[in-house]
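Open the model in your viewer and keep the sequence panel beside it. We will go from stop to stop, selecting a few residues each time.

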Amino acid sequence: TLARWNRGEIRVLAANPASAGHGLNAQKGGNILVWYSYPNWDLELYEQFKQRLIRQGQKESVVLVHHLIVPGTNDERVLESLKAKDRQQRRLFDALSQRVAEVLQAA
């Protein structure tokens, strides 16, 4: 399936992030990904899954990640939690980058 995807024979990739989140080179295929499992609370797993497409070699400027969500269920809470974790992680990385830049500039 991955070989067919990378040849452009499959337009939309539906995958389980637990099995497709690490070690796959899927950036040469399409740019539409469907999270095909119960949403996971683990931000690292979520990000790794997206990074199978968002990397050097991707021909499209936009990668779309779709989630199959049932309204009014825990699915919505999990996605909101992932977004919050991502925002917090980005703030931490930005603060660390700024501090490293200050230290290097002072040296």
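Where is Gly 21 found? Select it: Gly 21 sits in the loop between H2 and E2. Helices (H or I, at least four residues) and strands (E, at least two) are DSSP runs, numbered from the N terminus.

**Before you go on**

This is a predicted model, in which local features need pLDDT of at least 70, side-chain atom pairs count only at pLDDT 80 or more, and totals for chains, interfaces and linings use all residues. Residues are numbered from 1 along each chain as its sequence is written, and side-chain values use heavy atoms, with hydrogens and water left out.

**Stop 1: Gly 21**

Is Gly 21 buried or exposed? Gly 21 is buried, with a relative accessible area of 1%. Buried means under 20% relative accessible area, exposed means over 50%, and partly exposed lies in between (1.4 Å probe, protein chains only). Now add Gln 89 to the selection. Gly 21 and Gln 89 are 68 residues apart in sequence. In space, their C-alpha atoms are 19 Å apart.

**Stop 2: colour by confidence**

Colour the chain by pLDDT, the predictor's confidence in each residue, from 0 to 100. The protein chain averages 87, and 100% of the residues score at least 70. Look for the lowest confidence in helix H2 (residues 17–20), where the mean is 76. The highest is in H4, at 94.

**Stop 3: strand E1**

Select residues 12–15, which are strand E1. In a regular strand the side chains alternate between the two faces of the sheet. Show the side chains here. Leu 13 and Ala 15 point to one face and are buried. Val 12 and Ala 14 point to the other face and are not buried.

**Stop 4: strand E2**

Add residues 32–35, strand E2. E1 and E2 run parallel and are joined by 4 bridges. Two strands pair if DSSP finds at least two bridges between them. Leu 13 stands opposite Leu 33. Ala 15 has Trp 35 as its bridge partner. Which way do the side chains of E2 point? Ile 32 and Val 34 go one way, Leu 33 and Trp 35 the other, and all are buried.

**Stop 5: strand E3 and helix H3**

Next, select residues 64–67, strand E3. E2 and E3 also run parallel, with 4 bridges between them. Val 34 stands opposite His 66, and Trp 35 has His 67 as its bridge partner. Now bring in helix H3 (residues 43–51). E2, H3 and E3 make a right-handed β-α-β unit. Right-handed means that, with the strands pointing away from you, the path from the first strand over the helix to the second runs clockwise.

**Stop 6: salt bridges**

How many salt bridges does the structure hold? It holds 6. A salt bridge is a side-chain nitrogen of Lys or Arg within 4 Å of a carboxyl oxygen of Asp or Glu. Side chains of opposite charge can pair when their charged atoms come close.

Stay on H3 and pick Lys 50 and Glu 47. Their closest N and O atoms are 3.4 Å apart. Both lie in H3, 3 residues apart, about one turn of the helix. Lys 50 is buried at 17% relative accessible area, and Glu 47 is buried at 16%.

Move to H4 and pick Arg 90 and Asp 86. This salt bridge has its closest N and O atoms 2.9 Å apart. The two residues are 4 apart in helix H4, so they are separated by about one helical turn. Arg 90 is partly exposed at 48% relative accessibility, while Asp 86 is buried at 17%. Elsewhere, salt bridges that share partners join Arg 4, Arg 7 and Glu 9 into one network. In that network, the Arg 4 and Glu 9 side chains meet at 3.3 Å, N to O. Arg 4 is partly exposed at 40%, as is Glu 9 at 44%.

**Last stop: a surface patch**

Select Phe 93, in helix H4 (residues 74–106). Phe 93 is partly exposed, with a relative accessible area of 45%. Add Leu 92 and Leu 96. The three form a nonpolar patch on the surface, with about 290 Å² of accessible area together. Patches are made of residues with over 30% relative accessible area and no salt bridge: like charges are joined within 9 Å, nonpolar side chains (Val, Leu, Ile, Met, Phe, Trp, Tyr) within 5 Å. Accessible areas come from the Shrake-Rupley method with a 1.4 Å probe; for residues, only the protein chains shown count as cover.
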